[in-house]
Amino acid sequence: MATIFGRSREPWKSGGASEISLLASPKRRSLATSSEMAFAGILSDAEIAAGLQSCQAVDSFSCKTFFAKSGLHSKSKDQLAKVFGVIDQDKSGYIEEDELKKFMQNFDGKARVLTDKETSEFLKAGDTDGDGKIGVDEFVVLVTKG
């Protein structure tokens, strides 16, 4: 076996079966997803699941229902700004239509995309200044209004 600077090119083979089993262990596969990490300290797994479950069926998404079921409606402005930062995938400072379409995938990568109708209604609900996108202040108001 070839080595590079005294190390094997195949380090997983150097330590025997124990290192190989560690790489394939269930613990290794169950590491937190990027979504879970992004919302850590803001939303629990149960809150995320409740929000997503409320809108699994096509054309059933209601941002008001999602925000209530997930508990987002009761979070602080700072916490909501962090959530906004996750949803604003291109870091433009706004959530645009294409980012809204993938809204639920921010919480679970396997979640469905919103339909055009759902996306349009979501944008209409949040875009109070009519510029075709949702800014952080608009997002906070949308999430927290009753």
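A residue counts as buried when its relative accessible area is under 20%, as exposed when that area is over 50%, and as partly exposed in between. Keep that scale in mind as we walk through this predicted model, starting with a residue that falls in the middle class. Asp59 has 45% relative accessibility, so it counts as partly exposed. You will find Asp59 in the loop that links α5 and α6. Its backbone deserves a look too: the phi of Asp59 is near 65°, a positive value in a residue other than glycine.

A second residue makes a nice companion to this one. Lys91 also is not a glycine, yet it has a positive phi of about 55°. This lysine sits in the loop between α7 and β3, the strand at 94-95. With a relative accessible area of 57%, Lys91 is exposed, because that value lies over the 50% cut-off.

Now let us step back to the overall layout. The protein's secondary structure consists of ten helices and four strands. Reading from the N terminus, the order is β-β-α-α-α-α-α-α-α-β-α-α-β-α, so you can trace the elements one by one on the model above. How much of the chain is buried? Of the 146 residues in the protein, 33% are buried. As for the outside, the accessible surface comes to about 9,000 Å², and carbon and sulfur atoms account for 55% of it.

From the surface we can move inward. The largest nonpolar core contains 30 residues, and Phe67, Phe103 and Phe107 are the ones with the most contacts inside it. Several helices take part: α5 (45-53), α6 (63-70), α7 (77-87), α9 (116-126) and α10 (136-144) each supply at least two residues of this core. Which helix gives the most to it? That is α7, with five residues.

One of the helices just named, α9, also holds Thr119. Is this threonine buried or exposed? Its relative accessibility is 0%, so Thr119 counts as buried. To see what surrounds Thr119, set aside its neighbours within four places in sequence; the residues in contact with it are then Glu97, Leu100, Lys101 and Leu114.

Finally, consider contacts across the whole protein. Among those between residues at least 6 apart in sequence, 52% join residues at least 24 apart.

Technical notes. Residues are numbered from 1 along each chain as its sequence is written. This is a predicted model: local features need pLDDT of at least 70, side-chain atom pairs count only at pLDDT 80 or more; totals for chains, interfaces and linings use all residues. Side-chain values use heavy atoms; hydrogens and water are left out. A nonpolar core is a set of buried Ala, Val, Leu, Ile, Met, Phe, Trp, Tyr and Cys residues joined through side-chain atoms within 4.5 Å. Buried means under 20% relative accessible area, exposed over 50%, partly exposed in between (1.4 Å probe, protein chains only). Contact means heavy atoms within 4.5 Å. Accessible areas come from the Shrake-Rupley method with a 1.4 Å probe; for residues, only the protein chains shown count as cover.
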